[in-house]
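Visitor: Hi, can we walk through this one together? I'm new to reading structures.
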Amino acid sequence: MPLKWVLHWQPNAGTTVNSQIINEVTQCVESINGVKEGRWKATITFYKPMIRAEQALAGDFPRDFLGIALPEQPNKYYLIIRLQRIVLEADSSIQMIMEKLQSYKSRVSLNFEGFQYQLGDFQLRVGKVLPTHSENLRGIVMEVEYLPISSMEKARQVMEDFMDIWQQALSKRSLPGHFMHMEPNFAEYGLADQYTSQHTAVQYATVMAQLIATVQAVQARN
Amino acid sequence: MECVVQGIIETQHVEALEILLQGLCGVRRERLRVHEICLKSGPNLGVVASEVRLICNLEQTEPTWTVRHIGGAMRGAGAEQISVLVRTMVESKASKNVLRLFYALGYKLDHELLRVGFAFHFQRGTQITVTVSSVNKMLQLHATDEAVPVTPGIQLVEVTAPATSENYTEVVAAVSSFCEYLAPLLHLSKPGISTGVVPTAAAAAASLMSDGGGEELSS
(Lines give C-alpha, C1' and ligand atoms only; values in the text may rest on other atoms or scores of the structure.)
Protein backbone atom coordinates (compact mmCIF):
# COMPACT_ATOMS: atom_id res chain seq x y z
CA MET A 1 0.00 0.00 0.00
CA PRO A 2 1.11 3.60 -0.54
CA LEU A 3 3.17 5.07 2.23
CA LYS A 4 2.27 8.13 4.22
CA TRP A 5 3.66 10.49 6.77
CA VAL A 6 1.49 11.62 9.63
CA LEU A 7 2.44 15.08 10.89
CA HIS A 8 1.20 17.14 13.78
CA TRP A 9 0.96 20.87 14.31
CA GLN A 10 3.60 22.10 16.72
CA PRO A 11 2.50 25.48 18.08
CA ASN A 12 5.19 28.06 18.83
CA ALA A 13 6.01 28.45 22.52
CA GLY A 14 3.30 30.41 24.27
CA THR A 15 0.67 29.79 21.60
CA THR A 16 -2.07 27.19 21.28
CA VAL A 17 -3.98 25.71 18.37
CA ASN A 18 -7.17 27.36 17.19
CA SER A 19 -9.60 26.88 14.36
CA GLN A 20 -8.18 29.91 12.52
CA ILE A 21 -4.98 27.92 11.94
CA ILE A 22 -6.88 25.01 10.46
CA ASN A 23 -8.73 27.40 8.13
CA GLU A 24 -5.43 28.85 6.95
CA VAL A 25 -3.93 25.38 6.46
CA THR A 26 -6.97 24.32 4.43
CA GLN A 27 -6.76 27.43 2.28
CA CYS A 28 -3.08 26.74 1.76
CA VAL A 29 -3.80 23.23 0.46
CA GLU A 30 -6.35 24.71 -1.95
CA SER A 31 -3.91 27.44 -3.03
CA ILE A 32 -1.46 24.80 -4.26
CA ASN A 33 -4.30 23.21 -6.25
CA GLY A 34 -5.36 20.52 -3.83
CA VAL A 35 -8.74 19.16 -4.93
CA LYS A 36 -11.15 18.57 -2.07
CA GLU A 37 -12.45 15.00 -2.14
CA GLY A 38 -14.37 14.12 0.98
CA ARG A 39 -14.29 13.68 4.70
CA TRP A 40 -12.13 11.29 6.68
CA LYS A 41 -12.00 10.27 10.30
CA ALA A 42 -9.68 8.23 12.52
CA THR A 43 -10.26 7.53 16.21
CA ILE A 44 -7.85 6.87 19.05
CA THR A 45 -9.12 5.43 22.31
CA PHE A 46 -7.19 5.17 25.56
CA TYR A 47 -7.71 1.95 27.48
CA LYS A 48 -6.77 1.81 31.16
CA PRO A 49 -6.44 -1.32 33.30
CA MET A 50 -9.21 -2.10 35.76
CA ILE A 51 -7.36 -3.13 38.87
CA ARG A 52 -8.94 -5.31 41.53
CA ALA A 53 -6.58 -4.70 44.43
CA GLU A 54 -4.98 -1.39 45.26
CA GLN A 55 -1.67 -3.09 45.98
CA ALA A 56 -1.40 -4.32 42.39
CA LEU A 57 2.19 -3.88 41.38
CA ALA A 58 3.00 -1.19 38.92
CA GLY A 59 4.72 -2.94 36.04
CA ASP A 60 2.37 -5.93 36.11
CA PHE A 61 0.53 -4.35 33.23
CA PRO A 62 0.82 -1.16 31.18
CA ARG A 63 -0.62 2.11 32.46
CA ASP A 64 -2.64 2.28 29.26
CA PHE A 65 -2.77 1.15 25.68
CA LEU A 66 -4.22 2.70 22.56
CA GLY A 67 -6.94 1.42 20.29
CA ILE A 68 -6.92 2.96 16.82
CA ALA A 69 -9.55 2.88 14.08
CA LEU A 70 -8.30 4.03 10.68
CA PRO A 71 -10.41 4.96 7.66
CA GLU A 72 -7.99 3.10 5.35
CA GLN A 73 -8.96 -0.23 7.02
CA PRO A 74 -12.56 0.16 8.18
CA ASN A 75 -12.86 -3.49 9.31
CA LYS A 76 -9.64 -3.52 11.30
CA TYR A 77 -8.61 -2.20 14.68
CA TYR A 78 -5.12 -1.57 16.01
CA LEU A 79 -3.92 -2.00 19.57
CA ILE A 80 -0.67 -0.33 20.58
CA ILE A 81 1.37 -0.62 23.75
CA ARG A 82 3.97 2.11 23.21
CA LEU A 83 6.25 1.25 26.10
CA GLN A 84 6.75 -2.29 24.83
CA ARG A 85 6.64 -1.28 21.17
CA ILE A 86 3.82 -3.64 20.27
CA VAL A 87 1.33 -2.97 17.49
CA LEU A 88 -1.39 -5.54 16.88
CA GLU A 89 -3.65 -5.65 13.87
CA ALA A 90 -7.01 -7.27 14.56
CA ASP A 91 -10.59 -7.29 13.29
CA SER A 92 -12.91 -4.57 14.58
CA SER A 93 -14.55 -7.24 16.78
CA ILE A 94 -11.48 -7.15 19.07
CA GLN A 95 -13.12 -4.08 20.66
CA MET A 96 -16.05 -6.24 21.69
CA ILE A 97 -13.67 -8.89 23.10
CA MET A 98 -11.82 -6.25 25.15
CA GLU A 99 -15.16 -5.04 26.48
CA LYS A 100 -16.22 -8.56 27.48
CA LEU A 101 -12.91 -9.30 29.21
CA GLN A 102 -13.50 -6.36 31.59
CA SER A 103 -9.79 -6.09 32.27
CA TYR A 104 -9.26 -2.76 30.49
CA LYS A 105 -11.75 0.01 30.10
CA SER A 106 -11.90 2.56 27.32
CA ARG A 107 -11.56 5.99 28.93
CA VAL A 108 -11.03 8.83 26.49
CA SER A 109 -11.50 8.86 22.75
CA LEU A 110 -10.16 11.44 20.34
CA ASN A 111 -11.36 11.89 16.79
CA PHE A 112 -9.06 13.00 14.02
CA GLU A 113 -11.33 14.35 11.33
CA GLY A 114 -11.32 16.66 8.37
CA PHE A 115 -11.12 16.75 4.59
CA GLN A 116 -9.10 14.83 2.05
CA TYR A 117 -7.42 16.49 -0.94
CA GLN A 118 -5.90 15.10 -4.11
CA LEU A 119 -2.76 16.78 -5.38
CA GLY A 120 -1.22 14.93 -8.31
CA ASP A 121 0.28 11.73 -6.93
CA PHE A 122 -0.21 12.96 -3.38
CA GLN A 123 -3.18 12.67 -1.12
CA LEU A 124 -3.40 15.12 1.77
CA ARG A 125 -5.65 14.87 4.77
CA VAL A 126 -5.93 17.74 7.18
CA GLY A 127 -7.79 17.08 10.40
CA LYS A 128 -8.79 18.50 13.73
CA VAL A 129 -8.12 16.51 16.87
CA LEU A 130 -11.26 16.62 18.98
CA PRO A 131 -12.36 14.65 22.04
CA THR A 132 -15.54 12.72 21.15
CA HIS A 133 -18.69 14.71 21.93
CA SER A 134 -16.73 17.94 22.16
CA GLU A 135 -15.67 20.80 19.92
CA ASN A 136 -12.66 21.56 22.07
CA LEU A 137 -9.78 21.61 19.55
CA ARG A 138 -6.78 19.67 20.90
CA GLY A 139 -4.52 19.65 17.88
CA ILE A 140 -4.15 19.52 14.13
CA VAL A 141 -2.83 16.62 12.08
CA MET A 142 -1.93 16.18 8.47
CA GLU A 143 -1.43 12.98 6.48
CA VAL A 144 0.73 13.13 3.37
CA GLU A 145 0.32 10.02 1.24
CA TYR A 146 2.36 9.35 -1.87
CA LEU A 147 0.36 6.97 -4.01
CA PRO A 148 2.95 5.42 -6.41
CA ILE A 149 5.38 4.00 -3.82
CA SER A 150 5.11 1.69 -0.82
CA SER A 151 8.76 1.56 0.26
CA MET A 152 9.47 4.07 3.01
CA GLU A 153 13.11 4.44 1.99
CA LYS A 154 12.51 4.79 -1.74
CA ALA A 155 9.95 7.52 -1.14
CA ARG A 156 11.99 9.46 1.39
CA GLN A 157 13.47 11.93 -1.10
CA VAL A 158 10.19 12.71 -2.83
CA MET A 159 8.46 13.12 0.53
CA GLU A 160 11.15 15.50 1.76
CA ASP A 161 10.93 17.51 -1.47
CA PHE A 162 7.17 17.72 -1.13
CA MET A 163 7.46 18.84 2.49
CA ASP A 164 9.88 21.63 1.46
CA ILE A 165 7.35 22.95 -1.06
CA TRP A 166 4.55 22.63 1.45
CA GLN A 167 6.41 24.37 4.28
CA GLN A 168 7.34 27.15 1.87
CA ALA A 169 3.74 27.67 0.81
CA LEU A 170 2.58 27.63 4.42
CA SER A 171 5.31 29.96 5.67
CA LYS A 172 3.80 32.82 3.62
CA ARG A 173 0.89 32.82 6.04
CA SER A 174 3.09 33.48 9.10
CA LEU A 175 1.23 31.04 11.32
CA PRO A 176 2.31 30.60 14.97
CA GLY A 177 3.76 27.12 14.56
CA HIS A 178 4.62 24.46 11.99
CA PHE A 179 3.90 20.88 10.96
CA MET A 180 6.34 18.39 12.41
CA HIS A 181 7.21 14.92 11.19
CA MET A 182 8.45 12.61 13.92
CA GLU A 183 9.27 9.31 12.30
CA PRO A 184 8.89 6.45 14.76
CA ASN A 185 11.44 3.66 14.78
CA PHE A 186 9.26 1.16 12.90
CA ALA A 187 11.85 -1.63 13.25
CA GLU A 188 11.34 -1.55 17.03
CA TYR A 189 7.73 -2.50 16.36
CA GLY A 190 8.83 -5.30 14.05
CA LEU A 191 7.69 -3.40 10.95
CA ALA A 192 9.66 -3.48 7.72
CA ASP A 193 10.25 -0.93 4.95
CA GLN A 194 7.13 -1.91 2.99
CA TYR A 195 4.36 0.33 4.24
CA THR A 196 1.30 -1.18 5.97
CA SER A 197 -1.60 0.20 7.98
CA GLN A 198 0.27 -0.88 11.09
CA HIS A 199 2.80 1.83 10.19
CA THR A 200 -0.05 4.34 10.12
CA ALA A 201 -1.28 3.18 13.54
CA VAL A 202 2.22 3.56 15.01
CA GLN A 203 2.51 7.06 13.53
CA TYR A 204 -0.80 8.05 15.11
CA ALA A 205 0.40 6.74 18.47
CA THR A 206 3.54 8.89 18.10
CA VAL A 207 1.49 11.96 17.15
CA MET A 208 -0.74 11.31 20.16
CA ALA A 209 2.27 11.26 22.47
CA GLN A 210 3.45 14.57 20.96
CA LEU A 211 0.05 16.17 21.45
CA ILE A 212 0.01 15.10 25.09
CA ALA A 213 3.56 16.40 25.58
CA THR A 214 2.54 19.75 24.05
CA VAL A 215 -0.50 20.07 26.31
CA GLN A 216 1.58 19.13 29.35
CA ALA A 217 4.24 21.70 28.43
CA VAL A 218 1.58 24.41 28.21
CA GLN A 219 0.10 23.35 31.56
CA ALA A 220 3.55 23.37 33.16
CA ARG A 221 4.13 26.93 31.97
CA ASN A 222 0.84 28.15 33.37
CA MET B 1 -23.48 -16.16 19.60
CA GLU B 2 -23.01 -19.78 18.69
CA CYS B 3 -24.80 -23.06 19.16
CA VAL B 4 -22.62 -25.97 20.18
CA VAL B 5 -22.80 -29.68 21.01
CA GLN B 6 -20.00 -32.13 21.69
CA GLY B 7 -19.49 -35.85 21.80
CA ILE B 8 -16.74 -38.44 21.78
CA ILE B 9 -15.95 -41.35 19.52
CA GLU B 10 -13.38 -44.11 19.57
CA THR B 11 -10.58 -43.50 17.09
CA GLN B 12 -11.29 -46.86 15.41
CA HIS B 13 -14.72 -45.53 14.32
CA VAL B 14 -13.53 -42.15 13.06
CA GLU B 15 -13.16 -43.39 9.50
CA ALA B 16 -16.80 -44.51 9.47
CA LEU B 17 -17.85 -41.13 10.88
CA GLU B 18 -15.93 -39.42 8.14
CA ILE B 19 -17.72 -41.47 5.49
CA LEU B 20 -21.06 -40.63 7.07
CA LEU B 21 -20.24 -36.92 7.30
CA GLN B 22 -19.00 -36.87 3.73
CA GLY B 23 -22.31 -38.34 2.60
CA LEU B 24 -24.38 -35.98 4.74
CA CYS B 25 -22.52 -32.77 3.92
CA GLY B 26 -21.60 -33.30 0.29
CA VAL B 27 -18.40 -31.29 0.73
CA ARG B 28 -14.80 -32.34 1.13
CA ARG B 29 -13.27 -32.45 4.57
CA GLU B 30 -10.62 -29.97 5.51
CA ARG B 31 -7.58 -30.91 7.52
CA LEU B 32 -7.46 -29.45 10.98
CA ARG B 33 -4.39 -28.66 13.01
CA VAL B 34 -4.81 -25.89 15.55
CA HIS B 35 -2.78 -24.79 18.51
CA GLU B 36 -5.05 -23.41 21.19
CA ILE B 37 -3.60 -21.25 23.97
CA CYS B 38 -5.83 -20.46 26.89
CA LEU B 39 -4.90 -17.35 28.87
CA LYS B 40 -6.25 -16.08 32.17
CA SER B 41 -6.05 -12.59 33.62
CA GLY B 42 -3.35 -12.00 36.24
CA PRO B 43 -4.42 -11.94 39.92
CA ASN B 44 -5.22 -8.22 40.18
CA LEU B 45 -6.28 -7.42 36.67
CA GLY B 46 -9.89 -6.80 35.78
CA VAL B 47 -13.20 -6.43 37.58
CA VAL B 48 -13.53 -10.20 37.48
CA ALA B 49 -11.15 -12.97 36.38
CA SER B 50 -11.28 -13.36 32.62
CA GLU B 51 -10.23 -15.91 30.07
CA VAL B 52 -9.34 -15.61 26.42
CA ARG B 53 -8.25 -18.17 23.82
CA LEU B 54 -5.69 -17.63 21.12
CA ILE B 55 -6.08 -20.05 18.25
CA CYS B 56 -3.26 -20.59 15.82
CA ASN B 57 -4.21 -22.37 12.62
CA LEU B 58 -1.19 -24.48 11.71
CA GLU B 59 -2.72 -25.81 8.49
CA GLN B 60 -1.94 -22.59 6.64
CA THR B 61 1.51 -22.13 5.11
CA GLU B 62 1.76 -18.96 7.17
CA PRO B 63 0.01 -19.73 10.50
CA THR B 64 -2.93 -17.43 11.22
CA TRP B 65 -4.11 -16.29 14.63
CA THR B 66 -7.58 -15.76 16.02
CA VAL B 67 -8.61 -14.35 19.41
CA ARG B 68 -11.71 -16.06 20.77
CA HIS B 69 -13.80 -15.08 23.75
CA ILE B 70 -16.40 -17.55 24.94
CA GLY B 71 -19.00 -15.97 27.16
CA GLY B 72 -21.68 -17.34 29.41
CA ALA B 73 -24.27 -19.86 28.25
CA MET B 74 -27.84 -18.81 27.77
CA ARG B 75 -29.83 -19.51 30.94
CA GLY B 76 -33.45 -19.96 31.92
CA ALA B 77 -36.16 -22.56 31.56
CA GLY B 78 -36.07 -22.35 27.75
CA ALA B 79 -32.33 -22.97 27.64
CA GLU B 80 -32.66 -25.97 30.00
CA GLN B 81 -35.10 -27.69 27.68
CA ILE B 82 -33.03 -27.58 24.55
CA SER B 83 -30.29 -30.10 23.96
CA VAL B 84 -27.92 -27.57 22.39
CA LEU B 85 -25.79 -25.04 24.27
CA VAL B 86 -26.30 -21.46 23.15
CA ARG B 87 -23.53 -19.12 24.25
CA THR B 88 -21.93 -15.83 23.35
CA MET B 89 -18.77 -16.12 21.33
CA VAL B 90 -16.73 -13.36 19.74
CA GLU B 91 -13.79 -13.91 17.44
CA SER B 92 -11.25 -11.60 15.88
CA LYS B 93 -8.39 -12.43 13.58
CA ALA B 94 -5.13 -10.94 14.78
CA SER B 95 -1.53 -10.49 13.74
CA LYS B 96 1.02 -13.06 14.89
CA ASN B 97 2.25 -11.04 17.87
CA VAL B 98 -1.08 -11.47 19.65
CA LEU B 99 0.36 -13.74 22.37
CA ARG B 100 3.02 -11.16 23.16
CA LEU B 101 0.35 -8.48 23.38
CA PHE B 102 -1.80 -10.42 25.84
CA TYR B 103 1.22 -11.29 27.99
CA ALA B 104 2.08 -7.58 28.03
CA LEU B 105 -1.50 -6.77 29.07
CA GLY B 106 -1.08 -8.99 32.13
CA TYR B 107 -2.58 -12.29 30.94
CA LYS B 108 -0.92 -15.57 31.94
CA LEU B 109 -0.79 -18.94 30.22
CA ASP B 110 -3.35 -21.31 31.74
CA HIS B 111 -3.00 -24.27 29.39
CA GLU B 112 -2.44 -25.08 25.74
CA LEU B 113 -3.71 -27.81 23.44
CA LEU B 114 -3.12 -29.10 19.96
CA ARG B 115 -6.15 -30.33 18.04
CA VAL B 116 -5.47 -32.57 15.08
CA GLY B 117 -8.15 -33.98 12.84
CA PHE B 118 -10.54 -32.73 10.20
CA ALA B 119 -13.52 -30.44 9.75
CA PHE B 120 -16.55 -30.13 7.50
CA HIS B 121 -18.09 -26.73 6.81
CA PHE B 122 -21.46 -26.83 5.10
CA GLN B 123 -24.91 -25.31 4.81
CA ARG B 124 -27.79 -27.34 6.17
CA GLY B 125 -30.63 -25.11 7.29
CA THR B 126 -27.84 -22.99 8.72
CA GLN B 127 -24.04 -22.76 8.45
CA ILE B 128 -22.71 -25.76 10.38
CA THR B 129 -19.16 -26.80 11.22
CA VAL B 130 -18.28 -30.30 12.41
CA THR B 131 -14.81 -30.93 13.76
CA VAL B 132 -13.40 -34.34 14.64
CA SER B 133 -10.09 -34.11 16.42
CA SER B 134 -7.75 -35.72 18.85
CA VAL B 135 -6.86 -33.37 21.66
CA ASN B 136 -3.19 -33.32 22.54
CA LYS B 137 -1.20 -31.74 25.32
CA MET B 138 2.31 -30.39 25.04
CA LEU B 139 5.02 -31.83 27.27
CA GLN B 140 7.06 -28.68 26.83
CA LEU B 141 5.94 -25.10 26.32
CA HIS B 142 4.57 -24.58 22.77
CA ALA B 143 6.23 -27.85 21.58
CA THR B 144 3.46 -28.77 19.14
CA ASP B 145 5.71 -31.31 17.43
CA GLU B 146 5.96 -33.37 20.60
CA ALA B 147 2.31 -33.33 21.61
CA VAL B 148 0.70 -36.44 23.11
CA PRO B 149 -3.01 -37.31 23.21
CA VAL B 150 -4.90 -36.35 26.37
CA THR B 151 -7.25 -39.31 25.93
CA PRO B 152 -5.58 -41.93 23.68
CA GLY B 153 -8.02 -43.81 21.49
CA ILE B 154 -10.79 -41.22 21.90
CA GLN B 155 -11.55 -38.24 19.65
CA LEU B 156 -13.67 -35.20 20.25
CA VAL B 157 -16.51 -34.31 17.90
CA GLU B 158 -17.89 -30.81 18.01
CA VAL B 159 -20.79 -29.36 16.04
CA THR B 160 -21.04 -25.57 16.02
CA ALA B 161 -23.18 -23.03 14.20
CA PRO B 162 -23.13 -19.24 14.40
CA ALA B 163 -26.36 -17.69 15.66
CA THR B 164 -27.88 -14.40 16.71
CA SER B 165 -30.39 -13.58 19.43
CA GLU B 166 -33.02 -13.38 16.68
CA ASN B 167 -32.43 -16.69 14.94
CA TYR B 168 -30.98 -19.03 17.54
CA THR B 169 -34.16 -21.16 17.85
CA GLU B 170 -33.96 -22.04 14.17
CA VAL B 171 -30.22 -22.69 14.45
CA VAL B 172 -30.76 -24.95 17.48
CA ALA B 173 -33.39 -26.88 15.49
CA ALA B 174 -31.05 -27.26 12.52
CA VAL B 175 -28.17 -28.47 14.72
CA SER B 176 -30.42 -30.89 16.65
CA SER B 177 -31.83 -32.41 13.51
CA PHE B 178 -28.38 -32.79 12.02
CA CYS B 179 -27.14 -34.52 15.17
CA GLU B 180 -29.82 -37.19 14.85
CA TYR B 181 -28.16 -38.45 11.69
CA LEU B 182 -24.98 -39.10 13.65
CA ALA B 183 -26.79 -40.86 16.50
CA PRO B 184 -25.84 -44.44 15.56
CA LEU B 185 -22.16 -43.50 15.85
CA LEU B 186 -22.10 -40.99 18.62
CA HIS B 187 -24.25 -38.99 20.95
CA LEU B 188 -23.89 -35.23 21.02
CA SER B 189 -24.82 -33.12 24.01
CA LYS B 190 -24.06 -29.79 25.65
CA PRO B 191 -20.35 -29.36 26.45
CA GLY B 192 -19.56 -30.54 29.95
CA ILE B 193 -22.35 -33.13 29.97
CA SER B 194 -20.47 -36.22 28.87
CA THR B 195 -22.60 -39.08 27.63
CA GLY B 196 -19.72 -41.37 26.71
CA VAL B 197 -19.44 -43.55 23.64
CA VAL B 198 -22.51 -45.06 22.04
CA PRO B 199 -22.99 -48.87 22.33
CA THR B 200 -24.27 -49.10 18.76
CA ALA B 201 -21.12 -47.41 17.39
CA ALA B 202 -19.28 -50.61 16.41
CA ALA B 203 -22.24 -52.06 14.51
CA ALA B 204 -23.06 -48.72 12.84
CA ALA B 205 -19.43 -48.24 11.86
CA ALA B 206 -19.22 -51.75 10.39
CA SER B 207 -22.36 -51.13 8.36
CA LEU B 208 -21.07 -47.77 7.06
CA MET B 209 -17.73 -49.26 6.09
CA SER B 210 -19.36 -52.08 4.16
CA ASP B 211 -21.71 -49.66 2.36
CA GLY B 212 -18.71 -47.69 1.31
CA GLY B 213 -20.44 -44.39 1.88
CA GLY B 214 -23.18 -42.55 3.66
CA GLU B 215 -26.57 -42.03 2.18
CA GLU B 216 -27.13 -38.80 0.28
CA LEU B 217 -29.84 -36.88 2.02
CA SER B 218 -32.18 -34.51 0.36
CA SER B 219 -32.99 -31.49 2.47
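Visitor: Leaving aside its neighbours within four places in sequence, which residues is A:Ile80 in contact with?
Guide: Keep in mind that this is a predicted model. A:Ile80 is in contact with A:Phe65, A:Leu66, A:Ile68, A:Ile86, A:Val87, A:Ala201, A:Val202 and A:Ala205, not counting neighbours within four places in sequence.

Visitor: And which residues touch the most other members of the largest nonpolar core?
Guide: They are A:Ile68, A:Tyr78, A:Ile80, A:Leu88, A:Ala201, A:Tyr204 and B:Leu54. That core holds 70 residues. Its largest share, seven residues, comes from helix 4 (residues 197-221) of chain A. Another core, of 37 residues, lies apart from it. Among its members are B:Tyr168, B:Val175, B:Leu182 and B:Leu186.

Visitor: Is there a general idea behind cores?
Guide: Nonpolar side chains tend to be buried together in soluble globular proteins.

Visitor: Let's look at where the chains meet. How many residues does the contact take from each chain?
Guide: Chain A gives 26 residues and chain B gives 25 residues. On the side of chain A that touches chain B, strand 4 (76-81), strand 5 (86-91) and helix 2 (94-101) each supply at least two residues. That side of chain A divides into 16 nonpolar, five polar and five charged residues.

Visitor: Over to chain B. How many helices and strands does it have?
Guide: Five helices and nine strands. From the N terminus, the order is β-α-β-β-β-α-β-α-β-β-β-β-α-α. The radius of gyration of chain B is 18 Å, close to the 17 Å that the globule rule gives for 219 residues, so chain B is as compact as a globular protein of that length.

Visitor: What about its box, and how much is buried?
Guide: Along the principal axes, the C-alpha atoms of chain B fill a box of roughly 55 × 45 × 30 Å. Buried residues make up 36% of the chain. Take the contacts in chain B with a separation of 6 or more: 66% of them join residues 24 or more positions apart.

Visitor: Which residues are buried in helix 4 of chain B?
Guide: B:Tyr168, B:Val171, B:Val172, B:Ala174, B:Val175, B:Phe178, B:Cys179 and B:Leu182. Seen down the helix axis, they fall within an arc of 165°, so they line one face of helix 4. On the other side, B:Ser177 and B:Glu180 are exposed.

Visitor: What covers those buried residues?
Guide: The cover includes strand 1 (2-10), helix 1, strand 5 (85-94), strand 7 (127-138) and strand 9 (154-162) of chain B.

Visitor: Helix 1 again! Which of its residues are buried?
Guide: In helix 1 of chain B, these are B:Val14, B:Ala16, B:Leu17, B:Leu20, B:Leu21 and B:Leu24. They fall within an arc of 155° seen down the axis, so they line one face too. Just after this helix, B:Gly26 takes a positive phi of about 70°.

Visitor: One last stop. Where is B:Gly42 found?
Guide: B:Gly42 is in the loop between strand 2 (30-41) and strand 3 (51-57) of chain B.

Visitor: Buried or exposed, and why?
Guide: B:Gly42 counts as buried because it has 20 C-beta neighbours inside 10 Å. The cut-off for buried is 20 or more.

Visitor: Which residues is B:Gly42 in contact with, beyond neighbours within four places in sequence?
Guide: A:Asp60, B:Gly106, B:Tyr107 and B:Lys108. B:Gly42 and B:Lys108 are 66 residues apart along the chain, yet their C-alpha atoms are separated by 6.1 Å.

Definitions and conventions:
Residues are numbered from 1 along each chain as its sequence is written. Chains are lettered from A and ligands numbered from 1 in the order in which they are written. This is a predicted model: local features need pLDDT of at least 70, side-chain atom pairs count only at pLDDT 80 or more; totals for chains, interfaces and linings use all residues. Helices (H or I, at least four residues) and strands (E, at least two) are DSSP runs, numbered from the N terminus. A residue is buried if 20 or more other C-beta atoms lie within 10 Å of its own, exposed if 12 or fewer, and partly exposed in between; C-beta atoms are placed from the backbone. Two residues are in contact if their C-beta atoms, placed from the backbone, lie within 7 Å. The arc is that of the directions from the helix axis to the C-beta atoms. The radius of gyration is taken over C-alpha atoms; the globule rule is 2.2 Å times the number of residues to the power 0.38. A nonpolar core is a set of buried Ala, Val, Leu, Ile, Met, Phe, Trp, Tyr and Cys residues joined through C-beta atoms within 7 Å. Ala, Val, Leu, Ile, Met, Phe, Trp, Tyr, Cys and Pro count as nonpolar, Asp, Glu, Lys and Arg as charged, and the others, Gly among them, as polar.
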